[in-house]
Amino acid sequence: MLYLASRSPRRTELLARLDRPFHALDLDVPEVRADGEAALDYVQRVAVDKARAGLARVLGEDPQAWVLGADTEVVLDGEVFGKPVDAADASAMLRRLSGRTHQVITVVALVAAGQEQVTTVASEVGFIALDEAAIAAYVATGEPMGKAGAYAIQGGAERYIHHLAGSYSGVMGLPLQQTEQLLQAFESKGVARV
């Protein structure tokens with residue numbers, strides 16, 4: 001059985017588009033960047049940690065389990081913009097992203113007993129210049145909360161994006177084309193899936 005190690009409704013919705021049966025796992029995996037840890041290394045570590053934690057949870061009951069873990073972070077000038085802690089933090093992030101192009105890095109890890117594969121997708125997202133009124137109005141919707149970089153490309157923030165180079169679904173949280181390739185690679189290696 002395929003499992004998704006994620007609480008994210010967006011990742012659940014995206015994975016369902018690949019027409020594969022799966023179960024979502026509600027896991028609490030710490031997302032804390034170590035001092036001096038490069039942004040890419042951090043995103044990779046968290047994605048792998050999620051997948052491994054999910055596998056540890058289900059392997060005893062399902063020895064044929066595949067577990068997919070993913071992490072998405074917004075990166076500007078080497079700084080990782082995680083989920084805002086409050087409205088003021090969300091506003092500060094949006095001010096920094098305003099009128100700039102940033103990276104959105106999504107790493108997908110797929111693990112099974114004795115198997116592990118990781119893929120990384122980096123996209124560029126350019127924001128128009130945002131004034132204080134636009135930032136306040138968007139933050140007031142509540143949408144920035146729980147989102148890396150304090151915005152959802154599939155939501156109200158889409159109106160602020162003038163440039164996207166990369167994977168739209170990757171910016172949402174799960175790059176579908178690359179995830180499908182990972183799943184097919186596991187199948188071609190003969191990793192069992194029920």
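Is phenylalanine 186 buried or exposed, and what is its relative accessible area? Phenylalanine 186 is buried, with a relative accessible area of 0%. The model discussed here is a predicted one.

## Fold and overall dimensions

The protein chain contains 6 helices and 7 strands. In sequence order they run β-α-β-α-β-β-α-β-β-α-β-α-α. The pattern thus opens with a strand and ends with two helices.

The chain has 194 residues, and a compact globule with that number would have a radius of gyration near 16 Å. The protein chain has 17 Å, which agrees. Along the principal axes, the C-alpha atoms fill a box of roughly 55 × 35 × 25 Å.

## Burial, contacts and surface

Of the 194 residues, 51% count as buried. Take the contacts with a separation of 6 or more: 67% of them come from residues 24 or more positions apart.

The exposed area of the protein chain is about 8,800 Å². Carbon and sulfur atoms supply 50% of that area. On the charge side, there are 18 positive and 25 negative side chains. The centres of the two sets lie 1 Å apart.

## Aromatic pairs

A pair of aromatic rings is described by the distance of the centres and the angle of the planes. The protein chain has 3 aromatic pairs. One of them joins tryptophan 66 and phenylalanine 186. This pair is edge-to-face, at 5.2 Å centre to centre, with 70° between the planes. Tryptophan 66 lies in strand β3 (residues 66–76) and phenylalanine 186 in helix α6 (residues 176–188), so the pair ties together parts that are 120 residues apart in sequence. Tryptophan 66 is buried, with a relative accessible area of 0%. Phenylalanine 186 has a relative accessible area of 0% and is buried too.

Phenylalanine 127 and tyrosine 151 form another aromatic pair. Their centres are 4.8 Å apart, the planes meet at 70°, and the pair is edge-to-face. Phenylalanine 127 belongs to strand β6 (residues 115–127). Tyrosine 151 sits in the loop between α4 (132–140) and β7 (161–165). The two residues are 24 residues apart, and their pair links distant parts of the chain. Phenylalanine 127 is buried at a relative accessible area of 1%. Tyrosine 151 is buried at 5%.

## Positive phi in two loops

Most residues other than glycine have a negative phi. Which value does phi of aspartate 19 take? Phi of aspartate 19 is near 55°, a positive value in a residue other than glycine. Aspartate 19 is found in the loop between α1 (9–16) and β2 (22–25). Its relative accessible area is 71%, so aspartate 19 counts as exposed.

Aspartate 77 is not a glycine either, yet it has a positive phi of about 55°. Its place is the loop between β3 and β4 (79–81). With 60% relative accessibility, aspartate 77 counts as exposed. Aspartate 77 and histidine 102 are 25 residues apart in sequence. Their C-alpha atoms are 7.9 Å apart in space.

## Serine 91 in helix α3

Where is serine 91 placed? Serine 91 is in helix α3 (residues 87–97). At 12% relative accessibility, serine 91 counts as buried, because buried means under 20%.

Which residues does serine 91 touch, not counting those up to four places away in sequence? Serine 91 touches Ile135 and Val139. Serine 91 and glycine 149 are 58 residues apart along the chain. A distance of 10.0 Å separates their C-alpha atoms.

Technical notes:
Residues are numbered from 1 along each chain as its sequence is written. This is a predicted model: local features need pLDDT of at least 70, side-chain atom pairs count only at pLDDT 80 or more; totals for chains, interfaces and linings use all residues. Side-chain values use heavy atoms; hydrogens and water are left out. Helices (H or I, at least four residues) and strands (E, at least two) are DSSP runs, numbered from the N terminus. The radius of gyration is taken over C-alpha atoms; the globule rule is 2.2 Å times the number of residues to the power 0.38. Buried means under 20% relative accessible area, exposed over 50%, partly exposed in between (1.4 Å probe, protein chains only). Contact means heavy atoms within 4.5 Å. Accessible areas come from the Shrake-Rupley method with a 1.4 Å probe; for residues, only the protein chains shown count as cover. Lys and Arg count as positive and Asp and Glu as negative; His and the chain ends are not counted. The place of a charge is taken as NZ of Lys, CZ of Arg, CG of Asp or CD of Glu. Rings of Phe, Tyr and Trp (its six-membered ring) pair if their centres lie within 6.5 Å; planes under 30 degrees apart count as stacked, over 60 as edge-to-face and the rest as tilted.
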